Amino acid sequence: GLLSNFGYRVSIAIEEQNGSRLLDIFNDLPQTTNGTYRLSNLRYGQQLTIGVRLQLPPWNDHQEIMRVRLTWDSQEEQNRQELNQSLTLPVKEQKEINSMDRDEEVAEQLILLLSNRERRRAIAYLDSGDVQSAAASLDITDSRLSAMPQSPSILRERQLLADKKRLLRLNRNLSRKHMYYESLRSSVNVY
């Protein structure tokens with residue numbers, strides 16, 4: 001509960017560097033008035049996953065691609081707290097990039113974030129009265145998840161989707177309500 005929180009009014013700034021462009025934040029985070037993105041409270045032991053898509057120009061080896069600044073208020077400190085990190089990547093030949101193995105942990109986090117986005121799309125369909133498209137959206141998401149290694153996180157997400165699809169047939173409003181609450185939780189909290 002509240003005792004595990006150590007950061008309040010949390011925001012993250014993602015600054016493009018050296019010609020890189022931020023194309024998407026898969027979490028669909030709300031923006032603050034100053035252009036940063038609002039996050040939930042920071043808690044001890046809780047991992048926070050943010051998925052981004054970048055467009056990269058040709059660059060030099062280990063050149064900075066982006067800077068990330070996490071800021072929060074703390075009960076222990078008077079001043080706003082800040083953590084800064086930079087992302088750099090080595091230059092690799094296309095042949096070497098093509099032969100790289102997919103990082104399954106990253107792929108899993110990405111598919112879970114995309115699943116959450118699709119959940120919000122299903123909610124929009126329900127809001128417009130299109131139950132069939134909402135169900136199809138959930139089916140597409142489950143199909144994508146079924147192609148992944150069936151880790152506990154993927155299995156949990158598939159079970160949540162199956163529950164919502166079943167509930168959608170029985171009580172569309174309750175299904176929408178549950179999807180909405182799940183989308184709020186998993187926007188910044190990948191299971």
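These are my notebook entries on the fold, the voids and one helix pair of this structure.

**Entry 1: overall layout**

I am working from a predicted model. I began with the secondary structure. The protein chain has 5 helices and 7 strands. I then read the order along the sequence: β-β-β-β-β-β-β-α-α-α-α-α. For extent, I took the box along the principal axes. The C-alpha atoms fill roughly 55 × 50 × 30 Å.

**Entry 2: largest pocket**

I looked up the open space next. The largest pocket holds about 980 Å³. Its lining counts 29 residues, and the closest to the pocket centre are Thr-49, Ile-50, Gly-51, Val-52 and Met-66. I asked which elements give two or more residues to this lining. The list has four strands and a helix: β1 (5–16), β5 (52–55), β6 (63–73), β7 (81–89) and α2 (104–127). Which element gives the most? I found α2 at the top, with 5 residues. I also sorted the lining by class. I get 17 nonpolar, 6 polar and 6 charged residues.

**Entry 3: enclosed space**

How many cavities of 30 Å³ or more does the whole structure have? My search turned up 1. The volume of the largest cavity is about 30 Å³. I listed what lines the largest cavity. From the earlier part of the chain come Gln-17, Asn-18 and Ser-20. Leu-56, Pro-57 and Trp-59 join them. Gln-63, Glu-64 and Ile-65 complete the lining. By class, I note 4 nonpolar, 4 polar and 1 charged residue around this cavity.

**Entry 4: α3 against α4**

I turned to a helix pair. Helix α3 covers residues 131–146 and helix α4 covers residues 152–170. I read a packing angle of about 160° and axes 10 Å apart. Why do I call the pair roughly antiparallel? The angle is about 160°, and angles over 145 degrees count as roughly antiparallel, so α3 and α4 get that label. The crossing of α3 past α4 is left-handed.

I then went through the contact residues. On the α3 side I have Val-131, Ala-134, Ala-135, Leu-138, Asp-139, Thr-141, Asp-142, Leu-145 and Ser-146. They meet Ile-154, Glu-157, Arg-158, Leu-161, Lys-164, Lys-165 and Leu-168 in α4. What is the class make-up of this contact? I count 8 nonpolar, 2 polar and 6 charged residues. Among the charged ones are Asp-139 and Asp-142 in α3, with Lys-164 and Lys-165 in α4.

Methods:
Residues are numbered from 1 along each chain as its sequence is written. This is a predicted model: local features need pLDDT of at least 70, side-chain atom pairs count only at pLDDT 80 or more; totals for chains, interfaces and linings use all residues. Side-chain values use heavy atoms; hydrogens and water are left out. On a 1 Å grid over the protein atoms alone, a cavity is a set of points where a 1.4 Å probe fits but cannot get out, and a pocket is an open set with protein on both sides within 12 Å along at least five of seven lines; lining residues have an atom within 4 Å of a point. Grid points are joined across faces, edges and corners, and a volume is the space filled by probe spheres set on the points. Axes are lines fitted to C-alpha atoms, for helices over the stretch in contact, and angles run from 0 to 180 degrees between N-to-C directions. Angles under 35 degrees count as roughly parallel, over 145 as roughly antiparallel, 65 to 115 as roughly perpendicular and the rest as oblique. A crossing is left-handed if the near helix is turned anticlockwise from the far one by less than a right angle, and right-handed if clockwise. Contact means heavy atoms within 4.5 Å.
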